[in-house]
Amino acid sequence: MDLPDFDDEVRPAKRKRRKDPTWARLLVIFGALLMVAGGGGIVAVRLGLATVTANIQTTSLIPKDSVAMAGANIDGAINLLLVGIDTESRAGEGRAGVLADSIVIMHIPKTHDQAYLISIPRDTKVSVPKNQRLGFPGQSVEKVNAVFGIGYRAKNDADEQTKRANGVEMLALTLNKITNGMKFNGAMLVDFDGFKSIIDELGGVDICVDQKAESIHLAKMPDGKIVDVWYDEASGKVRGLPAGAKVVVHEPGCRTFSSQLALDFARIRKSLENGDYDRQRNQQKVIKAMAKKAASKDIIKDLPRINRIVEAAGKAVLLDHGNVPLENFLFTMKDVAANDLVMIKTNAGQFASEDINGVSFQVLTAASLDMLAAARDGHLPEFLQKHPEFMTSE
């Protein structure tokens with residue numbers, strides 16, 4: 001379905017890049033796809049570098065001596081590991097604590113003017129390597145969305161930030177293994193709860209829905225109030241519906257989404273025709289909607305509002321900038337803008353399943369492994385020229 005664009009301006013055939021040596025474009029948020037719930041995006045704003053760096057929380061998410069961590073040289077292609085976490089405890093679901101379902105490899109080619117987002121499906125079959133530091137013996141078969149939890153729970157006496165870092169480390173090592181040696185220049189952890197405040201500061205985001213999507217997390221009361229519900233995997237039914245309430249349904253069409261509805265839209269997969277692959281596409285919509293809103297004239301001219309957005313982003317993200325000074329890291333990526341985001345689908349968006357002991361896994365095809373190898377070796381743009389089917393269409 002072709003839907004209208006919210007941008008009323010006529011775009012030139014070739015977009016000119018704005019250059020200003022006294023400012024850096026901040027890649028503050030790495031996306032809706034970065035949380036279990038979905039949600040997120042790269043927000044490009046112009047702000048003083050000192051203000052930016054003061055608001056970003058930094059820590060070591062991947063040990064500097066890890067086989068998965070790259071060196072200090074970012075002159076060439078850059079690979080970043082982006083992990084979305086959900087810290088909510090949902091009544092009735094029998095789960096609590098930190099979950100990680102959205103895992104993305106962000107590839108920036110050596111030209112440093114574009115970003116490719118490679119979403120790893122949550123059910124991807126992986127082999128988890130041994131980690132002597134965390135006391136983990138290794139596991140031959142697991143779903144990739146369970147790997148973060150393995151690291152998170154490895155040291156139960158650790159503080160919360162260390163547990164999260166351990167989860168990211170396990171993911172980095174696992175992806176290093178399945179890609180036969182990909183190293184990361186840095187990593188980012190995005191908190192779902194904190195992310196809502198960013199969209200609130202943006203004043204909502206404009207999204208075009210192209211297929212009906214039924215929520216399993218939100219319901220609407222007769223008076224219009226939105227309430228939380230939960231999904232019972234065993235019965236395949238939504239539970240916790242108050243009397244008179246109906247699940248939220250995102251109908252086709254273009255409109256402004258609140259933070260609550262935008263993140264719900266980005267997390268839905270069960271009612272979509274192509275499941276997780278369509279969810280990835282919807283996440284891309286939220287990403288670009290946020291980037292576009294943050295780069296709009298109303299926001300970039302409003303310095304107090306930009307400051308609030310940056311402050312909210314700083315609370316939602318935790319950045320590991322590897323062996324590179326943060327200022328260099330941000331300035332190197334200053335030319336990546338909203339229109340430069342390209343979403344990549346593993347398996348070209350086609351299901352490749354394998355059942356093991358009654359559990360269904362997604363398996364990366366030989367072509368997907370070749371695509372990941374191209375990202376590892378800095379040749380992803382060339383690969384995509386030959387295999388455009390791996391790119392998600394608008």
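These questions and answers cover burial, nonpolar cores and strand pairing in a predicted model.

Trainee: Why is helix H5 largely enclosed by the rest of the structure?

Mentor: H5 spans residues 259-267. Buried means under 20% relative accessible area. Among the residues that qualify are Ser259, Asp264 and Arg267. The helix is largely enclosed because the buried residues number 7 of the 9.

Trainee: Which helix gives the largest share of the largest nonpolar core?

Mentor: That core has 47 residues. Leu81, Val83, Ile118, Phe148, Val168 and Phe184 touch the most other members. The largest share, 8 residues, comes from helix H3, residues 160-178.

Trainee: How many residues are in the other core, apart from this one?

Mentor: Its members include Leu117, Ile207, Phe265 and Ala294. Phe265 is also one of the buried residues of H5. The size of this other core is 43 residues.

Trainee: Which residues point the other way from Val317 and Leu319 in strand S17?

Mentor: In a regular strand the side chains alternate between the two faces of the sheet. S17 covers residues 317-320, and all are buried. Val317 and Leu319 point one way. Pointing the other way are Leu318 and Asp320.

Trainee: In which sense, parallel or antiparallel, do S9 and S17 pair?

Mentor: S9 covers residues 186-191. Valine 190 stands opposite valine 317 in S17. The two strands pair over 4 bridges, and the sense is antiparallel.

Trainee: Which residue stands opposite threonine 58 in S17?

Mentor: Strand S3 covers residues 57-58. S3 and S17 pair in the parallel sense over 2 bridges. Opposite threonine 58 stands leucine 319.

Definitions and conventions:
Residues numbered from 1 in each chain as written. Predicted model: local features only at pLDDT ≥ 70, side-chain atom pairs only at ≥ 80, totals over all residues. Heavy atoms only, no water. Buried < 20%, exposed > 50% of the residue type's maximum accessible area, 1.4 Å probe, protein only. Core = buried A, V, L, I, M, F, W, Y, C linked by side-chain atoms within 4.5 Å. Pairing = 2+ DSSP bridges.
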